[in-house]
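This briefing walks through one chain, from its overall make-up to single residues. Keep the 3D view open while reading.

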Amino acid sequence: MMQVGLPLGACARSWKSVRMASCGMARRNPLENKVALVTASTDGIGFAIARRLAQDGAHVVVSSRKQQNVDRAVATLKGEGLSVMGTVCHVGKAEDRERLVATLWEDPARQESIKAAFQIKRIGEPEDCAGIVSFLCSEDASYITGETVVVAGGSLSHL
């Protein structure tokens, strides 16, 4: 009996560590003394990831194609007491990405059909991706290699 209890207890402690890292409970600065360079990080998912990495102790460098976006993101994050700096960096054509994204949400009927396909019945938010990125950057994930983590609201992965 004791042999069964030890592995189950260790499993429960590991799961608690992952859950706590993802939701921000009992933060202990797992990314302290690390620098994170996050591209396209002045809005949406990139901004949420930059914020989470800084909250977890990393010094974050945010970047965007436009200086005013960088300045706004840096001011917001510094206003939250986070360690950040920013730089301008063009990583592609923003107009094309914006047009593509604006097109899988202009149609309310299409949005509802997409939500219906998800197990949790809602469209994801940028912050839904930030916790797993922070966890994978932390020492808690130091033994994880070559894995695919799907953050997709329960829908099937198409990798």
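A residue counts as buried under 20% relative accessible area, as exposed over 50%, and as partly exposed in between. Ala 40 has 43% relative accessibility, so Ala 40 falls in the partly exposed class. The model is predicted. The chain has six helices and three strands.

**Overall make-up**

- The elements follow the order α-β-α-β-α-β-α-α-α from the N terminus on.
- The chain has 159 residues, and 25% of them count as buried.
- Its accessible surface is about 10,800 Å². Carbon and sulfur atoms hold 58% of that surface.

**The sheet**

- The three strands make an open sheet, ordered 1-2-3, with parallel pairing.
- Strand 1 (35-38) and strand 3 (84-88) each have a single partner strand, so both are edge strands with one side lacking a neighbour in the sheet.
- On average, neighbouring strands are turned by 20° against each other, direction ignored.
- Strand 1 and strand 2 (residues 59-64) run parallel and are joined by four bridges.
- Val 38 has Val 62 in strand 2 as its bridge partner.
- Leu 37 lies opposite Val 61 in strand 2.

**Faces of strand 1**

- In a regular strand, side chains alternate between the two faces of the sheet.
- Strand 1 shows this alternation. Ala 36 and Val 38 point to one face and are buried. Val 35 and Leu 37 point to the other face and are not buried.

**Helices on the sheet**

- The sheet has strand 1 joined to strand 2 by four bridges, and helix 2 packs on this sheet, touching strand 1, strand 2 and strand 3. The direction of helix 2 makes about 175° with that of strand 1.
- Helix 3 (residues 67-79) also packs on the sheet, where it touches strand 2 and strand 3. The direction of helix 3 makes about 175° with that of strand 3.

**Helix 2 in detail**

- Helix 2 covers residues 44-55, which is 12 residues.
- From first C-alpha to last, helix 2 reaches 17 Å, close to the 16 Å expected at 1.5 Å a residue.
- Its buried residues are Gly 46, Phe 47, Ala 48, Ile 49, Ala 50, Arg 52, Leu 53 and Ala 54.
- Gly 57, just after helix 2, takes a positive phi of about 105°.

**Helix 2 against helix 3**

- Two packed helices are described by the angle and the distance between their axes.
- The axes of helix 2 and helix 3 come within 11 Å. They cross at roughly 35°.
- The crossing of helix 2 past helix 3 is right-handed.
- On the helix 2 side, the contact involves Phe 47, Ala 50 and Arg 51. They meet Ala 73, Thr 76 and Leu 77 in helix 3.
- Phe 47 and Ala 50 are also among the buried residues of helix 2.

**Positive phi in loops**

- Asn 29 sits in the loop between helix 1 (2-23) and strand 1. Its phi is near 55°, a positive value in a residue other than glycine.
- Asn 29 has 36% relative accessibility, so Asn 29 counts as partly exposed.
- Ala 40 lies in the loop between strand 1 and helix 2. Its phi is near 50°, again positive in a residue other than glycine.

Methods. Residues are numbered from 1 along each chain as its sequence is written. This is a predicted model: local features need pLDDT of at least 70, side-chain atom pairs count only at pLDDT 80 or more; totals for chains, interfaces and linings use all residues. Side-chain values use heavy atoms; hydrogens and water are left out. Helices (H or I, at least four residues) and strands (E, at least two) are DSSP runs, numbered from the N terminus. The expected span of a helix is 1.5 Å times one less than its number of residues. Buried means under 20% relative accessible area, exposed over 50%, partly exposed in between (1.4 Å probe, protein chains only). Two strands pair if DSSP finds at least two bridges between them. Axes are lines fitted to C-alpha atoms, for helices over the stretch in contact, and angles run from 0 to 180 degrees between N-to-C directions. Contact means heavy atoms within 4.5 Å. Accessible areas come from the Shrake-Rupley method with a 1.4 Å probe; for residues, only the protein chains shown count as cover. A crossing is left-handed if the near helix is turned anticlockwise from the far one by less than a right angle, and right-handed if clockwise.
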